[in-house]
Structures are given as C-alpha cells and as structure tokens.
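Work through the exercises below with the sequence and the model open side by side. Each task is followed by a solution in steps.

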Amino acid sequence: MDAKPMNADQLNEKYRVEGLRFVDGNGGLVKAVVDTGVCTGEIYMHGAHVTHFQPTGHQPVLWVSKQSVFEADCAIRGGVPICFPWFGPRVGHPQAPGHGWARTRSWDVATASVRDDGAIEMVLSTVIESFFLAFTVRFGETLSMELQVKLSSDATASVSFEEALHTYFAVSDIKSIKINGLEMAGYIDKVDGDATKMETGSPIRFDGECDRVYLDTTSTCQMTDPGKKRTIEVSKTHSHNTVVWNPWIEKSARMADFGDDEWKSMVCIETANVGDQAIELLPGRSYSMTARIAVREMNK
Ligand SMILES: O=P(O)(O)OC[C@H]1O[C@@H](O)[C@H](O)[C@@H](O)[C@@H]1O
C-alpha cells in the first residue's frame, strides 16, 4: 500500500491510452495531460488535482495562481483541490492542515480509458484514515468528477467526514460576474462571524470578500461572465452545500501562494458536504458526490 508512486515513464508504459500522456509537471510532480479533440485537460497525481480543462473553442475554464507552490507537502492553489476528510480547519485540531489530507498526498492511478463518446476517464485512488477514496474524472465536452468514499468494513463504528471539490474558475473581472442558482438559500457567512443569513432573490454579485457556505442546496449554479462571453454551469449530485469564495484584497495579500491582484480573476464555486451536512458512513458503506462543469457561450 505504501509502494513508491509510479513515475511518468512507468505510467505511460502501463496506460497506453490515445490522447493521454503522463509528464513531469511543475515542481517535478507527475501530471496526466489529456487531449481528446473536444477538450484539453490536466490532472496532477499530487492531490488528484485537476489543474486544467478547456473545451475546444473556449478559453481555459479553471484558474491556477501564478504563485502556486508545486511541492509534495503543499496544496496547489487553483484548479480543483479535493478537501477531505474535513473542510477548513479541523475541529479541535488547530495544527491540522486546512481542508484535510487529500490535496497534499500522491494518489494512485487505478484506471485510464477512452469512453465511447471519446472522453478520457481516469480513476485515481488513495486511502485516508479508514476511508478508501476513488476520484473519477472524465474529460470530455464537460468536466465530470465523482468522489467516492468508502469506509473500511474493519471500522468498528460509523465515521463522519466532510468533503469538497473546491473548484476555482477563471473570470474576466470578479466585479462583473454573477452567479445564479442560490437565490433565497440560507448560508453561513464566514466573513461575518459565521452568522446564518438568507440570500436575496437576486443573483450573487461581488463587491468585497465573500466566503459563504450555502446550506441545504442541491441546485445547479450558473456563473455568467460577460467579459469572457460565457456561462459556466456547475451541476451536482449528493452534495448539500455550495461554497462561494473570493478572498478580495486583504486576504489575497496575506496568502503567500496567491498573487496580490489575482482575486480579480477567480471565483470558487465549491461542491461540498460540510458542517452539519457532513456525511456519516457505516462500516463497509460508501457515498459518491459528483460535480459536472459545462461551458456555454453567452447569447449575444
Ligand atoms: O487557503 P486554503 O486552505 O486553500 O482555503 C481557501 C479558502 O477555501 C474556502 O473554501 C474556504 O471557505 C475559505 O475560508 C478558505 O480561505
């Protein structure tokens, strides 16, 4: 189980899939590079971390900081970090790394194949505490991701976990975008002492730091970006929270792996189960959360 992770050459030897190759990415960390004809994409084995998705004819969908660190013990800043088995700080463990262990460990490639529709699908797996994780990513006209979590049947009692697909989107200008789909939803406002509030009936717009955990919501969100002339749609299953985050000016300046001006060009819309909506699993049982990202050109 603790075998040394395979290097790019070994992975290329094992997985001969047209449109997929493994290379040494930033910091020498191994990544898979995908080109299916309908999209290009990239995923690092470090964190099972998707860092690029671009359907043909569109601009890159995901945002990655120019100041991101690419090192074994650090999380990549941008793309789709997987947060597991906790979200944010671990309750009662102030020294524990934010957002859990999943994003700072090397995952194994379990399968890689071309689907009937031409999409490239990969399954990456790892074990964290008593959980077996399988992350399925499908690069096609859309980006589909599924995080399956199984609690070992050797566990003696149920165990709960939090999870998020913490997706960073590239935007032309945070002040000009809007997000539909969370109207009238309740949320926890992390920039206002975790106060519980209710969203208005209007789309979300940004004029300051935003860090909100929307509650009891399974709805699809659309993020409209007039500057990039596109709408990004995030649909999901078995996720009861959506987190919306932009650090704005001061928090950006405090983060070493985040450019001081980069807050203008990103927004996170995160598919999650956190806090009171953490998932509790019985031994031997599993749970799958999915997120699907689609891009549409805006009507002129
Ligand atoms: O810096 P990190 O650990 O990647 O977290 C980034 C942000 O992630 C968001 O999901 C949280 O709601 C924020 O509170 C947090 O600041």
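**Exercise 1: a hairpin and its sheet**

In the hairpin that strand 13 and strand 14 form, five residues lie between the strands, and G193 has a positive phi near 60°. The model is a predicted one.

Task: Determine how strand 13 and strand 14 run and which residue stands opposite I188.

Solution. Strand 13 covers residues 186-189 and is joined to strand 14 by four bridges, the two running antiparallel. Within strand 14, T196 stands opposite I188.

Next, place the hairpin in its sheet. An open sheet of seven strands has the order 5-11-19-18-15-13-14, with antiparallel pairing. Strand 5 (82-83) and strand 14 (195-198) are at the edges with a single partner strand each, so one side of each has no neighbour in the sheet.

**Exercise 2: the ligand shell**

Task: List the residues that surround the ligand and sort the shell by class.

Solution. The surrounding residues are A75, G88, G98, H99, H166, K190, D211, V243, W245 and E270. By class, three are nonpolar, four polar and three charged.

Now relate the shell to the strands. V243 and E270 both belong to the shell, and V243 stands opposite E270 in strand 19. Strand 18 (residues 241-246) pairs with strand 19 (residues 266-273) in the antiparallel sense, over five bridges.

Then take H99, another member of the shell. H99 lies in the loop between strand 5 and strand 6. Its phi is positive, about 65°, although H99 is not a glycine. Is H99 buried or exposed? H99 has 23 C-beta neighbours inside 10 Å and therefore counts as buried, the cut-off being 20 or more.

**Exercise 3: two further backbone features**

Task: Locate the cis peptide bond, and say where W248 is placed.

Solution. The cis peptide bond joins F84 and P85, with omega about -5°. P85 is in the loop between strand 5 and strand 6 (108-114).

W248 is placed in helix 2 (residues 248-254). Its phi is positive, near 60°, in a residue other than glycine. W248 has 17 other C-beta atoms within 10 Å and so is partly exposed.

**Exercise 4: the four-stranded sheet**

Task: Give the strand order of the open sheet of four strands and identify its edges.

Solution. The order is 1-2-3-4, with antiparallel pairing. Strand 1 (20-24) and strand 4 (49-55) each have a single partner strand, so both stand at the edges with one side left without a neighbour in the sheet. On average, neighbouring strands of this sheet are turned by 15° against each other, direction ignored.

For one pair in detail, strand 3 (residues 39-44) and strand 4 are antiparallel over six bridges. G41 stands opposite F53 in strand 4.

**Exercise 5: strand 17 and the core**

Task: Trace the pairings of strand 17, then describe the contacts of I269.

Solution. Strand 16 (residues 221-225) pairs with strand 17 (residues 230-237) in the antiparallel sense over five bridges. T224 has T231 of strand 17 as its bridge partner. The two strands form a hairpin with four residues between them, and K229 in the turn has a positive phi of about 55°.

Strand 17 is also joined to strand 21 (residues 286-297) by eight bridges, again antiparallel. Here K236 has A291 as its bridge partner in strand 21.

Finally, turn to the core. The largest nonpolar core has 75 residues, and F169 and I269 have the most contacts inside it. Leaving out residues up to four places away in sequence, I269 touches T167, F169, I179, C221, M223, V234, T242 and V244.

Definitions and conventions: Residues are numbered from 1 along each chain as its sequence is written. This is a predicted model: local features need pLDDT of at least 70, side-chain atom pairs count only at pLDDT 80 or more; totals for chains, interfaces and linings use all residues. Two strands pair if DSSP finds at least two bridges between them. Axes are lines fitted to C-alpha atoms, for helices over the stretch in contact, and angles run from 0 to 180 degrees between N-to-C directions. A residue is near a molecule or strand if its C-beta atom, placed from the backbone, lies within 6 Å of it. Ala, Val, Leu, Ile, Met, Phe, Trp, Tyr, Cys and Pro count as nonpolar, Asp, Glu, Lys and Arg as charged, and the others, Gly among them, as polar. A nonpolar core is a set of buried Ala, Val, Leu, Ile, Met, Phe, Trp, Tyr and Cys residues joined through C-beta atoms within 7 Å. A residue is buried if 20 or more other C-beta atoms lie within 10 Å of its own, exposed if 12 or fewer, and partly exposed in between; C-beta atoms are placed from the backbone. Two residues are in contact if their C-beta atoms, placed from the backbone, lie within 7 Å.
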